[in-house]
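Work through the exercises below with the sequence and the model side by side. Each task is followed by a solution in steps.

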Amino acid sequence: MSMAVVGLLAGMGLGFAGYFGGFGAFLLVAALGAVGFVVGRFLEGDFEVGDFFRSRERGDRPR
């Protein structure tokens, strides 16, 4: 399935949630979709848990 089709289905899902459930349902579906995306990428091995919780080194701070 191409990324364009996935984007189309996600947009349609958000549209239906917004139309039938209101703005709160739209936000809930968008947030759960983002969580599902991150979990899916984690399970595929694209992310590591340390990527989210690693602190920056002192030399990396912008001035």
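The exercises go from the whole chain to one helix and then to its aromatic side chains; the model is a predicted one.

**Exercise 1. The chain as a whole**

Task: State how many helices and strands the chain has, and what percentage of its residues count as buried.

Solution:
- The secondary structure amounts to two helices and zero strands.
- A residue counts as buried when its relative accessible area is under 20%.
- By that cut-off, 2% of the 63 residues are buried.
- The exposed area of the chain is about 5600 Å², and 67% of it comes from carbon and sulfur atoms.

**Exercise 2. The span of H1**

Task: Compare the span of helix H1 with that of a straight helix of 42 residues, and find where H1 has its kink.

Solution:
- H1 covers residues 3-44.
- At 1.5 Å a residue, a straight helix of 42 residues would span 62 Å.
- The end C-alpha atoms of H1 are only 16 Å apart.
- H1 has a kink of about 145 degrees, and its centre is Gly21.
- Just after H1 comes Gly45, with a positive phi of about 95 degrees.

**Exercise 3. Aromatic pairs**

Task: Of the three aromatic pairs in the structure, classify Tyr19 with Phe20 and Phe23 with Phe26.

Solution:
- Planes over 60 degrees apart count as edge-to-face, and planes under 30 degrees apart as stacked.
- For Tyr19 and Phe20, the centres are 4.9 Å apart and the planes stand at 85 degrees, which makes the pair edge-to-face.
- For Phe23 and Phe26, the centre-to-centre distance is 6.0 Å and the angle between the planes is 20 degrees, which makes the pair stacked.
- Phe23 and Phe26 are about one helical turn apart, because they are three residues apart in H1.
- In an α-helix, residues three or four places apart point the same way, since there are 3.6 residues a turn.
- Phe23 is exposed at 58% relative accessibility, whereas Phe26 is partly exposed at 29%.

**Exercise 4. Tyr19 and its surroundings**

Task: Is Tyr19 buried or exposed, and which aromatic cluster and surface patch include this residue?

Solution:
- Tyr19 lies in helix H1.
- Its relative accessible area is 65%, so Tyr19 is exposed.
- Phe16, Tyr19 and Phe20 make up one aromatic cluster.
- These three residues also belong to a nonpolar surface patch of about 1200 Å².
- Other members of the patch include Met1, Met3, Val5, Leu8 and Met12.

Key
Residues are numbered from 1 along each chain as its sequence is written. This is a predicted model: local features need pLDDT of at least 70, side-chain atom pairs count only at pLDDT 80 or more; totals for chains, interfaces and linings use all residues. Side-chain values use heavy atoms; hydrogens and water are left out. Helices (H or I, at least four residues) and strands (E, at least two) are DSSP runs, numbered from the N terminus. The expected span of a helix is 1.5 Å times one less than its number of residues. The bend at a residue is the angle between axes fitted to the seven residues ending there and the seven starting there. Rings of Phe, Tyr and Trp (its six-membered ring) pair if their centres lie within 6.5 Å; planes under 30 degrees apart count as stacked, over 60 as edge-to-face and the rest as tilted. Buried means under 20% relative accessible area, exposed over 50%, partly exposed in between (1.4 Å probe, protein chains only). Patches are made of residues with over 30% relative accessible area and no salt bridge: like charges are joined within 9 Å, nonpolar side chains (Val, Leu, Ile, Met, Phe, Trp, Tyr) within 5 Å. Accessible areas come from the Shrake-Rupley method with a 1.4 Å probe; for residues, only the protein chains shown count as cover. A salt bridge is a side-chain nitrogen of Lys or Arg within 4 Å of a carboxyl oxygen of Asp or Glu.
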